[in-house]
Amino acid sequence: MQFFARIFTWWNGATPGTFLSVKRNFTKVGEDAFGNSYHEAKKASPEYEGRTRRWVIYKGYADPTTIAAEWHGWLHHTYDEKPDELKIKRHDWQLPHKPNMTGTPMAYKPKGSLDRGAKRDQVAADYEAWTPGD
């Protein structure tokens, strides 16, 4: 089943055509903690104002939120150095990159959300619904 998913769907990883095109025309530059691989075209193209085209092949499901900020900057030509070559100062308050978990069992569900029983503490500014005749 995985074989057919690769052939007919682009969101389950690179299709065979994309994979072959990237293999032939691009050079692998690096890989991130999520297993995504990053590639750069072997030659610049006029469509990109003389810049080289940059490409990501997602590991598994194509989820752009798995791209860390450093690789996002490289993909969009914010800087030319690969993230491992950059001297980016990480502050102690910065957390490691996590993908967006919305819609998954790992999603944040605050107290009072419907998935947690819709029960929360009362506060002074709570809304009281008006009913006719009160």
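This briefing describes the fold, the nonpolar cores, one buried loop residue and the salt bridges of the structure shown above.

The model is predicted, and its protein chain has 134 residues, of which 28% are buried. The secondary structure comes to 3 helices and 3 strands, and these elements follow one another from the N terminus in the order α-α-β-β-β-α.

**Overall fold and surface**

- Among the contacts in the protein chain with a separation of 6 or more, 34% are between residues that stand 24 or more positions apart.
- The protein chain has an accessible surface of about 10800 Å², and carbon and sulfur atoms account for 58% of that surface.

**Nonpolar cores**

- The largest nonpolar core is made of 11 residues, among them the aromatic residues Tyr 38, Tyr 58, Trp 71, Trp 74 and Tyr 79, together with others including Val 29, Val 56, Ile 67 and Leu 86.
- Helix α3, which covers residues 69-75, gives the most to this core, contributing 3 residues.
- A second core, separate from the largest one, has 5 residues, including Ala 14, Phe 26, Ala 41 and Ile 57.
- Tyr 38, a member of the largest core, is in contact with several other members of that core, including Val 29, Val 56, Ile 67, Trp 71, Trp 74 and Leu 75, when neighbours within four places in sequence are left aside.
- The contacts of Tyr 38 also include Thr 27, Lys 28, Gly 30, Glu 31, Asp 32 and Trp 55, again leaving aside neighbours within four places in sequence.

**Asn 36, a buried loop residue**

- Asn 36 is found in the loop between strand β1 (26-31) and strand β2 (37-41), and with a relative accessible area of 1% this residue counts as buried.
- The side chain of Asn 36 has a polar atom 3.0 Å from the backbone nitrogen of Lys 59, and the side chain of Asn 36 also makes a polar contact, at 3.0 Å, with the side chain of Thr 66.
- Lys 59 and Thr 66 both appear among the residues in contact with Asn 36 once neighbours within four places in sequence are set aside, as do Gly 30, Glu 31, Val 56, Ile 57, Tyr 58 and Ile 67.

**Salt bridges**

- Side chains of opposite charge can pair when their charged atoms come close, and the structure holds 5 salt bridges.
- Glu 31 pairs with Lys 28 in a salt bridge whose closest N and O atoms are 3.1 Å apart; Glu 31 is partly exposed at a relative accessible area of 48%, and Lys 28 is likewise partly exposed, at 47%.
- Glu 70 and Arg 90 form another salt bridge, with their closest N and O atoms 3.0 Å apart, and this pair links distant parts of the chain, since Glu 70 belongs to helix α3 whereas Arg 90 lies in the segment after α3, 20 residues apart.
- Arg 90 is partly exposed, with a relative accessible area of 44%.
- Glu 85 forms a salt bridge with Lys 82, in which the closest N and O atoms are separated by 3.8 Å; both partners are partly exposed, Glu 85 with a relative accessible area of 45% and Lys 82 with one of 22%.
- Glu 40, Arg 54 and Asp 80 are joined into one network by salt bridges that share partners.

Note on methods: Residues numbered from 1 in each chain as written. Predicted model: local features only at pLDDT ≥ 70, side-chain atom pairs only at ≥ 80, totals over all residues. Heavy atoms only, no water. Core = buried A, V, L, I, M, F, W, Y, C linked by side-chain atoms within 4.5 Å. Buried < 20%, exposed > 50% of the residue type's maximum accessible area, 1.4 Å probe, protein only. Helix = DSSP H or I, 4+ residues; strand = E, 2+ residues; numbered from the N terminus. Contact = heavy atoms within 4.5 Å. Areas by Shrake-Rupley, 256 points an atom, 1.4 Å probe, with all protein chains shown as cover. Salt bridge = Lys/Arg side-chain N within 4 Å of Asp/Glu carboxyl O. Polar contact = N/O pair within 3.5 Å; in protein donor to acceptor, adjacent residues only side chain to side chain.
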